[in-house]
Amino acid sequence: MAGLDTELRERLLADPSVLLGDRDLMRALVAAHEAEIGDNVIDIRGRAMQALESRLDRLEAAHQTVIAAAWDNQSGAATVQRAVLALLEPVDFVGFIAALTETVAPVLRVETLRLAVEAADAGGTGLPDGIVALPHGAIERLLSAGRRTPRGDDIVLRRAHPVADPLHGGVAVASEALIPLDLGPDLPPALLVMGSDDPARFTPAQGTDLLRFFAQAFRLVLIGWLKR
């Protein structure tokens, strides 16, 4: 320490933690010490500090990952809440169906959001614009298509064919979410369909809690309109 400035030396002696808290300084000190003792001597303290530093780096990386995941979950929950509120704004059923594309889809940041219903008339006669009419059994076929092993989950997240798809209103999407809706014994099977141009937006490895919450809210609002 003799070559140090007097003021700096006194500060370090008064508060050595300044050195301990600086990784670069500690790394340089250890390297200087090991160079001084030579290659034939192993400094256990230096090796221990390197191991602890590596462990700290891993802990910090894990900590950042947890924080990022928590932030994503909070952000996703807030987005779904705004989307549910948007479902409640229309004053008639036609407006409710139109809002899926005009209002709710942008809130959820998806390119398509459609309601599909199995109808006796597959041409969709009598259905409001914006509802996709499907033949009997089509929803089950759509849900099972491309699924190699059952996940025990009724919601399907997967890559989509990059071509214009009538299910998505003639829009080409890269990934899709298919969410079956049980509207009760007196109503036909229905399907809520989301499409994104991002191939990583909907993948089988993702969780479905928020989508399930949105689908349940949508189902209740839809049943409310159908009973009027």
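Okay, let's start with one residue: threonine 79 sits in helix 4, which covers residues 44-87. Is threonine 79 buried or exposed? Its relative accessible area is 5%, so threonine 79 is buried. If you set aside neighbours within four places in sequence, threonine 79 is in contact with Val107, Leu108 and Arg109. Keep those three in mind, because we'll come back to that stretch. Before that, a reminder that what you're looking at is a predicted model.

Let me zoom out for a moment. The protein has 228 residues, and buried ones make up 33% of them. The secondary structure comes to seven helices and seven strands. What order do the elements run in from the N terminus? It goes α-α-α-α-α-β-β-α-β-β-β-β-β-α. On contacts: take those between residues at least 6 apart in sequence, and 52% of them join residues at least 24 apart. As for the outside, the accessible surface is about 14500 Å², and carbon and sulfur atoms account for 58% of that.

Now, helix 5. There is a kink of about 55° in this helix, and alanine 99 is at its centre. Alanine 99 is also one of the buried residues of helix 5, along with Phe93, Phe96, Ile97, Leu100, Val104, Ala105 and Leu108. You'll recognise Leu108 as one of the residues that threonine 79 touches. Right after helix 5 comes arginine 109, with a positive phi, near 60°. Arginine 109 is another of the threonine 79 contacts.

Let's stay in helix 5 and pick out isoleucine 97, which lies within the span 93-108. The relative accessibility of isoleucine 97 is 3%, so it counts as buried. What does isoleucine 97 touch, beyond residues up to four places away in sequence? The answer is Leu115, Asp129, Gly130 and Ile131. With isoleucine 131, the C-alpha atoms are 7.3 Å apart, although the two residues are separated by 34 residues along the chain.

On to the strands, and I'd like to use strand 7 as the anchor. Strand 7 is residues 190-196, and seven of its seven residues are buried. Here's a bit of background. In a regular strand, side chains alternate between the two faces of the sheet. In strand 7 both faces are covered: Ala190, Leu192, Met194 and Ser196 are buried on one side, and Leu191, Val193 and Gly195 are buried on the other.

Which strands pair with it? Strand 1, residues 112-118, runs antiparallel to strand 7 and is joined to it by six bridges. If you want a spot to click on, valine 117 has alanine 190 as its bridge partner in strand 7. Strand 6, residues 175-181, is also antiparallel to strand 7, this time with seven bridges. There, leucine 181 stands opposite alanine 190, and glutamate 176 has glycine 195 as its bridge partner. Strand 6 itself is mostly covered, with six of its seven residues buried.

Strand 6 pairs with strand 3 as well, antiparallel, through four bridges. In that pairing, arginine 158 has glutamate 176 as its bridge partner. That brings me to charges. How many salt bridges does the count come to? Two.

One of them is arginine 158 with glutamate 176, whose side chains meet at 3.0 Å, N to O. That pair links distant parts of the chain, with arginine 158 in strand 3 and glutamate 176 in strand 6, 18 residues apart. Both arginine 158 and glutamate 176 are buried.

The other joins the side chains of aspartate 154 and arginine 212, again at 3.0 Å, N to O. Aspartate 154 is in the loop between helix 6 and strand 3, while arginine 212 is in helix 7, 58 residues apart. Aspartate 154 has 38% relative accessibility, so it counts as partly exposed. Arginine 212, at 30%, is partly exposed too.

Last stop, helix 7. Helix 7 runs over residues 209-226, so to speak the other home of that salt bridge. From first C-alpha to last, its 18 residues reach 26 Å, close to the 26 Å expected at 1.5 Å a residue. Its buried residues are Leu211, Phe214, Ala215, Ala217, Phe218, Val221, Leu222, Ile223 and Trp225.

Terms used. Residues are numbered from 1 along each chain as its sequence is written. This is a predicted model: local features need pLDDT of at least 70, side-chain atom pairs count only at pLDDT 80 or more; totals for chains, interfaces and linings use all residues. Side-chain values use heavy atoms; hydrogens and water are left out. Helices (H or I, at least four residues) and strands (E, at least two) are DSSP runs, numbered from the N terminus. Buried means under 20% relative accessible area, exposed over 50%, partly exposed in between (1.4 Å probe, protein chains only). Contact means heavy atoms within 4.5 Å. The expected span of a helix is 1.5 Å times one less than its number of residues. The bend at a residue is the angle between axes fitted to the seven residues ending there and the seven starting there. Accessible areas come from the Shrake-Rupley method with a 1.4 Å probe; for residues, only the protein chains shown count as cover. Two strands pair if DSSP finds at least two bridges between them. A salt bridge is a side-chain nitrogen of Lys or Arg within 4 Å of a carboxyl oxygen of Asp or Glu.
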